[in-house]
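Me: Could you take me through one part of this model up close? I'd like to hear about the nonpolar packing and whatever surrounds it.

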Amino acid sequence: MRSVSAAFAVVAAWALAWTPACRADAHLCGTPADAFFAERIGLLREWIVQLPFDSSAFRLEHVTVADGVVVAAAGDGSLHAIATGPAEPGRPAPGTILWSRQFPRGEGRIRAPAVGSGIVVVASDFRAFGIDVQTGRTVWEEALRNPPTATAAIAGEWVYLPVENGRMVRMAVNPYRAPTMAMGVAAPPQKGGAAKKKPAPATEKPRPLPAGERVKPVEIDAHGRVDMAPLPFKGGILWCTTEGLITAFLPAYPEWKRLEFDLGRPAAGNPLIRDASIFVATNAGASASDVVRINALPIGLVYAWRTPLRDAVAGGARLSGDTLLVPLAAGGMAGLSTDDGSRLWLREQPFQLLAISKDRIWGLDATARLATLDPADGMRLQQFCLGPFRLPVVNTGSDRLILASPGGTVTSLASLAEGLPTPAEKPSDKPPRNPAE
């Protein structure tokens, strides 16, 4: 009995010694958000924050990853910006909450934010807001005649917002400066004859407008309903209607030109752009689909190749090097060559793609666990418990794995295989406390 009691005392002493170190981080232990566990699986926890909103009554809804910032929106109408990127003198440290602000709940549904050109664009049912990305201050707001149908996109000096009635609202990033190009819509394409020589692109910077003047929004006919966010493309913008009409709205100084390509069927997800090529998956029927590559040439949008698939497609494609990753409705994924569309591999098990790094594809498996695939052949590599990080964050803005919990804990993980520099300070071993988790 004395030996049993002694053994019990040793175990109890060990448990008491271990508990304080993990008690503050109990909901992270054993997940990739734990700095020590992340290092063991080849990841670096760059930062982890708890967003300041009432997580007992509301939930985190959107997380948008952009260059140098992560913007998150919660169900109480609050918006939060987190600094990312490398640590540099004079800049906020990665993981710093730059600002948090509240939007009136009477504005209606708040769309996922769009980030670019130094601003964050948030659209509700009745108006659009341009917010300074560093300070959270409202730079401008515009009333909307029709509710938005998708998230906005920012391309250079312009903001494009799809709205009801098949229109695309175009607003200036800075409405108090004259743009370098006219605001007007694209001129009709020329038919026959020699092409006119285009003047050189404007190089002057936008100049301030006289006091009391501002660049007003205009509406462009989208030639159909657009319910997917537009995409920056070759200095202009590209969108796809619900009927499968792809439109490229491009600068052709001093005016604009409009190029169109009819897929003949609805797109299964947003097109993917790489340089001057457009990759888009379509659903041809109840169980069949195909993937098309379109090249933007001086003569217009030209078909390059088409690859039929036996299964329906469940969303837009992603790129991993020269492999096109196509999610399938049955839950699997196909890997295609970007050169000719040939199939490189097929994974039949369910997998929801979240992020892509050089050595791994990150996603959720059939059991809602975090899993990794080999980009070369689609074979499963690892599987991890996510703990409270149940809000999927699809990161198309970088190679980081961003995890988020409905209660507002957000963390960024980078692959150590990328040859990242050692951070100046070791990540904190004391993550934020969130009693609501």
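Reply: Sure, and keep in mind that this is a predicted model. The largest nonpolar core holds 18 residues, and Trp362, Leu370 and Leu401 have the most contacts inside it. Helix H2 (35-40) and the strands S1 (43-50), S28 (352-356), S29 and S32 (401-404) each give two or more residues to this core. Apart from it there's another core, of 17 residues, with Leu238, Ala248, Leu259 and Ile278 among them.

Back to Trp362: leaving out residues up to four places away in sequence, its contacts include Leu43, Phe351, Leu353, Leu370, Phe384 and Leu401. Ala371 is also on the list of residues that Trp362 touches, and Asp365 touches Ala371 too, along with Pro350, Arg380 and Gln383.

Asp365 deserves a stop of its own. You'll find Asp365 in the loop between strand S29 (361-364) and strand S30 (370-373). Asp365 counts as buried because its relative accessible area is 10%, under the 20% cut-off. A polar atom of its side chain lies 2.9 Å from the backbone nitrogen of Arg369.

Now for the empty space. There are two cavities of 30 Å³ or more, and the largest has about 50 Å³ of space. Its lining includes Leu354, Leu364, Phe389, Arg390, Ile402 and Leu403; by class, that lining has nine nonpolar, no polar and one charged residues.

The second largest cavity has a volume of about 30 Å³. Trp140, Glu142, Met171, Arg214 and Lys216 are among the residues that line it, and strands S9 (138-143) and S12 (167-172) each give two or more residues to that lining. Its residues divide into six nonpolar, no polar and three charged.

Notes
Residues are numbered from 1 along each chain as its sequence is written. This is a predicted model: local features need pLDDT of at least 70, side-chain atom pairs count only at pLDDT 80 or more; totals for chains, interfaces and linings use all residues. Side-chain values use heavy atoms; hydrogens and water are left out. Helices (H or I, at least four residues) and strands (E, at least two) are DSSP runs, numbered from the N terminus. Buried means under 20% relative accessible area, exposed over 50%, partly exposed in between (1.4 Å probe, protein chains only). A polar contact is a pair of N or O atoms within 3.5 Å; within protein, one must be able to donate a hydrogen and the other to accept it, and residues adjacent in sequence count only if both atoms are side-chain atoms. Contact means heavy atoms within 4.5 Å. A nonpolar core is a set of buried Ala, Val, Leu, Ile, Met, Phe, Trp, Tyr and Cys residues joined through side-chain atoms within 4.5 Å. On a 1 Å grid over the protein atoms alone, a cavity is a set of points where a 1.4 Å probe fits but cannot get out, and a pocket is an open set with protein on both sides within 12 Å along at least five of seven lines; lining residues have an atom within 4 Å of a point. Grid points are joined across faces, edges and corners, and a volume is the space filled by probe spheres set on the points. Ala, Val, Leu, Ile, Met, Phe, Trp, Tyr, Cys and Pro count as nonpolar, Asp, Glu, Lys and Arg as charged, and the others, Gly among them, as polar.
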